[in-house]
Amino acid sequence: LSRTQAGPSLRFEPTRMPVRKGSGQVTLYNDGVSDLHILKIELPAGAASGIAAGTAIKPGESLKLKVSGVEGSSSIRLFTDDPRRPMREILTINSR
């Protein structure tokens, strides 16, 4: 395995979180070979999430990131121990 494949690897779908009535969700995947740890989540002001820092996703598994209280277009920042991309930004888009 290459060095970048040896650790955890975060992927999420959809790549932009559709938000309807202030709530939205994306699925987080760990495509790596070791546990992926969520180190920190930065949410827009007034928003809440069911995932907390310290959450781990096992290799090959997924987890739904549900967010509520999102107003307008904004972004969510995920900080993980993914060695290739330790910070990922998920943009929210209004869905009608």
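**Exercise 1. The nonpolar core**

How many residues does the largest nonpolar core have, and which of them have the most contacts inside it? Work from the predicted model shown above.

*Solution.* Step one is to find the core itself, and in this predicted model the largest nonpolar core turns out to have 18 residues. The residues with the most contacts inside this core are Met17, Leu28, Leu65, Val67, Leu78 and Ile90. Step two is to ask which elements supply it: two or more residues each come from strand E1 (10-13), strand E2 (16-20), strand E3 (23-30), strand E4 (36-42), strand E7 (62-68) and strand E8 (75-80). The element that gives the most is E4, with three residues. Step three takes one core residue as an example: if neighbours within four places in sequence are left aside, Leu65 is in contact with Met17, Gly24, Gln25, Val26, Leu28, Ser49, Ile51, Leu78 and Ile90. As a general background, nonpolar side chains in soluble globular proteins tend to be buried together.

**Exercise 2. The chain as a whole**

Describe the secondary structure of the chain, and then compare its radius of gyration with that of a compact globule.

*Solution.* The first step is to count elements, which gives nine strands and zero helices, so that the pattern read along the sequence is β-β-β-β-β-β-β-β-β. The second step concerns size: a compact globule with 96 residues would have a radius of gyration near 12 Å, and because the chain has 13 Å, the two values agree. For the outline of the chain, the C-alpha atoms fill a box of roughly 45 × 20 × 20 Å along the principal axes. The third step looks inside, where 33% of the 96 residues count as buried. Among the contacts with a separation of 6 or more, 56% come from residues 24 or more positions apart.

**Exercise 3. Ser74 and Thr92**

Is Ser74 buried or exposed, and which polar atom lies 2.8 Å from its backbone nitrogen?

*Solution.* Begin with the location: Ser74 belongs to the loop between E7 and E8, while Thr92 is part of strand E9 (residues 87-94). Next apply the cut-off, by which a residue is buried under 20% relative accessible area. Ser74 has 19% and therefore counts as buried, and Thr92, with 2%, is therefore buried as well. Then look at the pair: the backbone nitrogen of Ser74 lies 2.8 Å from a polar atom of the side chain of Thr92. Finally, list the surroundings, not counting residues up to four places away in sequence: Ser74 touches Pro44, Ile90, Leu91 and Thr92, whereas the contacts of Thr92 include Met17, Val19, Val70 and Gly72.

**Exercise 4. Backbone geometry in two loops**

Where does a cis peptide bond occur, and what is the phi of Lys21?

*Solution.* First recall the general expectation that most peptide bonds are trans and that most residues other than glycine have a negative phi. The cis bond joins Glu13 and Pro14, with omega at about -10 degrees, and Pro14 is found in the loop between E1 and E2. Lys21 has a phi near 55 degrees, a positive value although the residue is not glycine. Its place is in the loop between E2 and E3, and Lys21 counts as exposed because its relative accessibility is 82%.

**Exercise 5. Charges and rings**

Which residue lies over the face of Tyr29, and how many aromatic pairs does a search of the whole structure find?

*Solution.* Start with the rings themselves: the search finds zero aromatic pairs. Now turn to charged side chains, where Arg11 lies over the face of Tyr29, at 4.1 Å from the ring centre. In addition, the charged end of Lys40 sits over the ring of Phe79, 5.4 Å from its centre. Lys40 appears again around Arg77, a residue of strand E8, which is in contact with Lys40, Ile41, Glu42, Met87, Arg88 and Glu89 when neighbours within four places in sequence are left aside. Arg77 is partly exposed, because its relative accessible area is 34%.

How values were computed. Residues numbered from 1 in each chain as written. Predicted model: local features only at pLDDT ≥ 70, side-chain atom pairs only at ≥ 80, totals over all residues. Heavy atoms only, no water. Core = buried A, V, L, I, M, F, W, Y, C linked by side-chain atoms within 4.5 Å. Buried < 20%, exposed > 50% of the residue type's maximum accessible area, 1.4 Å probe, protein only. Helix = DSSP H or I, 4+ residues; strand = E, 2+ residues; numbered from the N terminus. Contact = heavy atoms within 4.5 Å. Polar contact = N/O pair within 3.5 Å; in protein donor to acceptor, adjacent residues only side chain to side chain. Phe/Tyr/Trp six-rings, centres within 6.5 Å; stacked < 30°, edge-to-face > 60°. Lys NZ or Arg CZ within 6 Å of the ring centre and 35° of its normal. Rg over C-alpha atoms; globule rule 2.2 N^0.38 Å.
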